[in-house]
Amino acid sequence: MNRKQFQLAEGTREPSTVYVPYTVSETNALRYISFGTCVVPCEVKTDYLSDSTITIGHEVLQELRLPFLSDIHVFLHDATIIIGPLIGIFTAGFTESQLRPIGERSLFFANLLTSQTAQKAYLFVFGSHNINWQEGIITGYFYNQERWVQYDVPFPNVVYDRLPNRRTENHRAIARVKNRLQQEYLIPWFNPGFFNKWDIYQLLKNDNEVASYLPETRLFSGFEEVELLLSKYGHVYIKPMNGSLGNGIYQVRYSFEHNEYYCRYRDEDGNKLRKYHSLEFLMNHLLTDADLHTFIVQQGIPLLRVNSNPVDFRIHTNKNRSGKWIVSAIAAKIAGQGSMTTHINNGGEVKTLEEIFPDDTERQIMKERLTTAALLLSQQIDATVTGYIGEIGFDVGVDKNGHVWLFEANSKPGRSIFDYPKLREGDRITKELFLDYALHLTEKALFAPEELFQ
């Protein structure tokens with residue numbers, strides 16, 4: 001039977017009985033009810049007075065550990081009423097605070113858990129310390145009535161990975177939890193891992209269709225590498241393979257006229273521009289403490305400009321209910337004065353495509369180019385990276401000839417860009433699609449597990 005939505009209610013007269021609406025034709029075959037990984041045997045009867053409510057006896061409710069009753073998705077499969085999905089969001093960095101249990105990211109998670117679509121599923125946040133392996137339960141953080149509350153729930157149908165950084169992800173205890181839930185409990189886990197810029201470049205460069213979107217990129221191996229790309233392109237970016245938020249990026253330009261090198265970068269005091277007589281002196285002065293073998297050198301792109309400032313684009317792609325990639329949001333980012341990147345923390349400014357391209361024809365052409373590039377890149381990354389990927393955030397540039405270039409792909413895209421009021425619709429769509437993909441994985445795990453766990 002296809003998934004449907006029903007209202008759940010508690011039954012007090014028959015504590016171990018579940019009443020399903022008369023609209024359900026398979027009632028006689030039902031013997032169990034499940035929530036997450038918890039399965040409870042029960043007597044199932046028909047409620048001839050209701051077409052949309054499932055009434056669960058209170059003893060069954062207690063065994064299921066349903067945290068609250070809601071209008072929820074229900075699947076019927078293999079003699080079982082399956083309530084859910086129960087979606088766990090896995091992270092780290094918890095605090096003792098009841099108001100902000102996940103520190104500065106508490107608002108991010110609250111926003112995710114209280115979207116309109118999230119009301120159709122049970123969503124909670126948890127860390128490795130919240131798991132009771134012996135009992136098979138997790139003490140999860142739910143966000144109800146504008147406050148954080150904790151409930152003990154079974155292991156979830158699906159896990160969404162939102163670990164905060166690579167260092168945490170590489171912690172041995174975190175890796176053990178991820179491996180155990182996936183291998184022993186066969187729980188689909190999506191968006192695992194952080195993308196490495198060099199790894200993504202290596203994966204994509206051999207595909208002719210997407211290779212044209214890639215700026216020439218080299219592993220840093222010495223000054224000669226930088227000089228070679230400078231001679232070809234006039235300016236280059238030196239950036240860490242595992243960097244984020246524009247941190248640690250250096251833009252180097254060479255002036256043939258003056259035989260001098262110029263470097264833009266950002267430190268704790270703000271955006272900087274420095275001039276050097278040699279590349280060697282520049283590198284030794286600015287990057288003397290950096291492990292340059294963890295850096296890449298990338299072709300500089302002459303970007304489109306708005307009011308003399310370079311502009312690039314953030315594109316979010318998500319998988320939908322069918323597991324197909326779609327573009328969910330596009331935003332333009334204009335670099336701040338004196339900044340070589342468009343990151344907001346570097347003084348960048350967010351705009352919509354309508355604000356950047358007021359001409360309808362020009363805007364439509366640009367939107368099609370960006371959409372085509374993002375979907376092709378998403379499909380190729382998905383085909384070559386291990387694990388289930390449900391969303392990707394792309395930073396792309398467009399040169400003065402209208403060609404699209406990939407700067408970075410992010411497996412855990414931030415959402416601060418949606419603070420811009422005119423992008424609130426994109427925020428809503430990405431949240432809907434996050435749940436849609438979780439439903440897709442739940443259905444696959446229930447009805448076609450061989451497709452997930454090959």
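This is a guided tour of a predicted model, going from salt bridges to a helix pair, an open sheet and a hairpin.

**Salt bridges**

Start with the charged side chains; the structure holds 27 salt bridges. Select E14 and K45, whose side chains meet in one of them at 2.9 Å, N to O. E14 lies in the loop between strand 1 (4-11) and strand 2 (17-21), and K45 lies in strand 5 (residues 43-47), so the pair ties together parts that are 31 residues apart in sequence. Colour by accessibility here: E14 is partly exposed, with a relative accessible area of 26%, and K45 is partly exposed with a value of 27%.

Next select K412 and D161. Their side chains form a salt bridge of 3.6 Å, N to O. K412 sits in the loop between strand 27 (404-410) and helix 11 (424-447), while D161 belongs to strand 14 (residues 158-161), so this pair ties together parts that are 251 residues apart in sequence. Both K412 and D161 are buried.

Add K178 and E169 to the selection. The side chains of K178 and E169 meet in a salt bridge of 3.7 Å, N to O, and both residues are buried. Keep all of these on screen: D161, E169, K178 and K412 are joined into one network by salt bridges that share partners.

**Helix 5 and helix 10**

Now show helix 5 (residues 197-204) with helix 10 (residues 360-384). Their axes come within 10 Å and cross at roughly 100°; helix 5 and helix 10 are therefore roughly perpendicular to each other. To see the contact, display the side chains of I200, L203 and L204 from helix 5, and of L377, Q380, I381 and T384 from helix 10. By class, this contact has 5 nonpolar, 2 polar and no charged residues.

**The open sheet**

Keep helix 5 and bring in the sheet. Here 6 strands form an open sheet in the order 16-21-17-18-19-20, with antiparallel pairing. At its edges are strand 16 (217-219) and strand 20 (270-276), each of which pairs on one side only. From one strand to the next, the twist averages 20°.

Zoom in on strand 17 (residues 235-240) and strand 18 (residues 250-255), which run antiparallel and are joined by 4 bridges. Label H235 and then R253, its bridge partner in strand 18.

Which strands does helix 5 touch where it packs on the sheet? Helix 5 touches strand 16, strand 17 and strand 21 (295-299), and its direction makes about 125° with that of strand 16. Select helix 7 (residues 223-233) as well. Helix 7 packs on the sheet too, touching strand 16, strand 17, strand 18, strand 19 (260-267) and strand 21. The direction of helix 7 makes about 140° with that of strand 17.

**Strand 24 and its partners**

Finish at strand 24 (residues 325-334). Of its 10 residues, 8 are buried, so strand 24 is largely enclosed by the rest of the structure. Show strand 23 (residues 309-319) beside it: 9 bridges join strand 23 to strand 24, and the two run antiparallel. Label V311, which stands opposite I334 in strand 24. The hairpin of strand 23 and strand 24 has 5 residues between the strands, and in this hairpin G323 takes a positive phi near 80°.

For the last selection, add strand 25 (residues 349-351), which runs antiparallel to strand 24 and is joined to it by 3 bridges. At A332, look across to K351, its bridge partner in strand 25.

Methods. Residues are numbered from 1 along each chain as its sequence is written. This is a predicted model: local features need pLDDT of at least 70, side-chain atom pairs count only at pLDDT 80 or more; totals for chains, interfaces and linings use all residues. Side-chain values use heavy atoms; hydrogens and water are left out. A salt bridge is a side-chain nitrogen of Lys or Arg within 4 Å of a carboxyl oxygen of Asp or Glu. Buried means under 20% relative accessible area, exposed over 50%, partly exposed in between (1.4 Å probe, protein chains only). Axes are lines fitted to C-alpha atoms, for helices over the stretch in contact, and angles run from 0 to 180 degrees between N-to-C directions. Angles under 35 degrees count as roughly parallel, over 145 as roughly antiparallel, 65 to 115 as roughly perpendicular and the rest as oblique. Contact means heavy atoms within 4.5 Å. Ala, Val, Leu, Ile, Met, Phe, Trp, Tyr, Cys and Pro count as nonpolar, Asp, Glu, Lys and Arg as charged, and the others, Gly among them, as polar. Two strands pair if DSSP finds at least two bridges between them.
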